[in-house]
Amino acid sequence: MSAPIEAESSPSAVPQSLVLDFLGLCMLGRAQAVGKAGQPVATQVFLAVLGALGVSDSAARTTLNRMVARGLLIRHKQGRTSAFEPTGDTMALLLRGRARMFSPTPFDHSEDEWTILNCPVPENLRKVRYQLHGRLTWAGFGAVQANLWIAPGRIDVEELLDDVFPAEALGLVQAFHGAPTGPSSPEQLLRAAWDLEALRAAHLGFLDRWEAADPASAEALPQLLLLLDDWGRLLRTDPGLPAAYLDEVWPAERSARTFQRLEARLGPLADEQLLQLMGAQG
């Protein structure tokens with residue numbers, strides 16, 4: 001049996017990201033079916049889960065406190081301890097990512113339709129620039145030049161950005177659906193917006209870590225969290241570019257098969273372990 005993936009070997013395995021992945025399972029997974037969804041998660045549950053991934057209690061507590069300060073979590077006092085739940089914005093973040101995370105074809109897009117976005121950020125809104133870039137990258141956009149972004153497929157830009165810009169500034173965004181036409185070259189646009197070799201390397205790194213992995217059943221929950229974390233990082237890196245512009249041995253299909261195989265195997269076991277943890281907190 002292959003050794004389990006260690007948290008330290010995953011480039012994205014930072015405590016905050018793992019907390020968000022865990023909350024996604026708590027709030028949107030099988031726990032919802034037994035009435036656990038929406039229930040604040042006790043500190044001890046986070047400590048147990050993160051501890052299994054090599055995160056110390058002090059680092060876990062610091063992460064939870066920082067996430068409260070950043071408006072990502074709500075803290076509830078429960079006697080001498082605390083419990084946490086996601087804020088509305090954090091739940092929206094989890095829901096936005098779920099559809100593509102579990103799509104059977106997360107990297108498939110037609111070459112015939114693109115979303116084109118002109119998105120200037122006024123100086124008085126420069127504080128939203130980091131959030132904007134993160135949101136656009138997750139949605140599959142790449143920057144062709146300053147303020148000009150493209151993404152494969154049809155994306156609802158208004159829904160994507162309506163909580164990023166104030167209502168009066170959203171009108172500054174110009175969005176179109178269409179396809180490149182001459183003299184533009186789709187291949188040139190792709191290479192301007194994305195580093196294809198970096199995308200390939202991201203897939204190969206994911207495959208190196210997971211394609212031959214065979215985690216033990218007892219480690220299903222922590223291993224699933226690492227898998228989800230690594231998979232989310234890959235989805236943020238590769239938007240799913242049309243196959244017509246990629247070579248025949250592009251590794252995206254192998255990555256998708258690997259994730260789906262492991263998620264199908266680990267998911268039910270992790271759900272059982274999750275329900276035990278949630279039940280133990282009362």
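Let us start at a single residue: asparagine 147 is partly exposed, with a relative accessible area of 34%. On this scale, buried means under 20% relative accessible area, exposed means over 50%, and partly exposed lies in between (1.4 Å probe, protein chains only). Please keep in mind that this is a predicted model, in which local features need pLDDT of at least 70, side-chain atom pairs count only at pLDDT 80 or more, and totals for chains, interfaces and linings use all residues. Residues are numbered from 1 along each chain as its sequence is written, and side-chain values use heavy atoms, with hydrogens and water left out.

**Backbone details**

Asparagine 147 sits in the loop between β5 (142-145) and β6 (148-152). Its phi is near 75 degrees, a positive value in a residue other than glycine. A second spot to look at is the peptide bond from glycine 182 to proline 183, which is cis, with omega near 10 degrees. Proline 183 belongs to the loop between β7 (174-178) and α8 (186-193). Most residues other than glycine have a negative phi, and most peptide bonds are trans.

**The chain as a whole**

The chain holds 11 helices and 7 strands; these are DSSP runs, numbered from the N terminus, with helices being H or I of at least four residues and strands E of at least two. Its C-alpha trace spans about 65 × 50 × 30 Å along the principal axes. With 282 residues, a compact globule would have a radius of gyration near 19 Å, and the 20 Å of the chain agrees with that. The radius is taken over C-alpha atoms, and the globule rule is 2.2 Å times the number of residues to the power 0.38. Of the 282 residues, 46% count as buried. Among contacts (heavy atoms within 4.5 Å) with a separation of 6 or more, 78% join residues 24 or more positions apart.

**Nonpolar cores**

Which residues touch the most other members of the largest nonpolar core? They are Phe22, Leu23, Val41, Phe46, Trp194 and Trp231, in a core of 60 residues. Helix α10 (residues 220-237) gives the most to this core, with 10 residues. A second, separate core of 19 residues includes Trp149, Leu161, Leu170 and Val173. A nonpolar core here is a set of buried Ala, Val, Leu, Ile, Met, Phe, Trp, Tyr and Cys residues joined through side-chain atoms within 4.5 Å. Leaving aside neighbours within four places in sequence, tryptophan 231 is in contact with Met101, Pro106, Phe107, Phe206, Ser255, Ala256 and Phe259.

**Three helix residues**

The table sets out three residues that lie in helices.

| Residue | Helix | Relative accessibility | Class |
|---|---|---|---|
| Glutamine 16 | α1 (residues 15-28) | 25% | partly exposed |
| Threonine 63 | α3 (residues 57-69) | 11% | buried |
| Alanine 99 | α4 (residues 88-101) | 60% | exposed |

Not counting residues up to four places away in sequence, threonine 63 touches Pro15, Gln16 and Val19. Under the same exclusion of residues up to four places away, glutamine 16 touches Thr63, Met67, Arg70 and Leu72. Glutamine 16 and isoleucine 74 are 58 residues apart in sequence and 14 Å apart in space, C-alpha to C-alpha. For alanine 99 and alanine 243, the separation is 144 residues in sequence and 21 Å in space, C-alpha to C-alpha.
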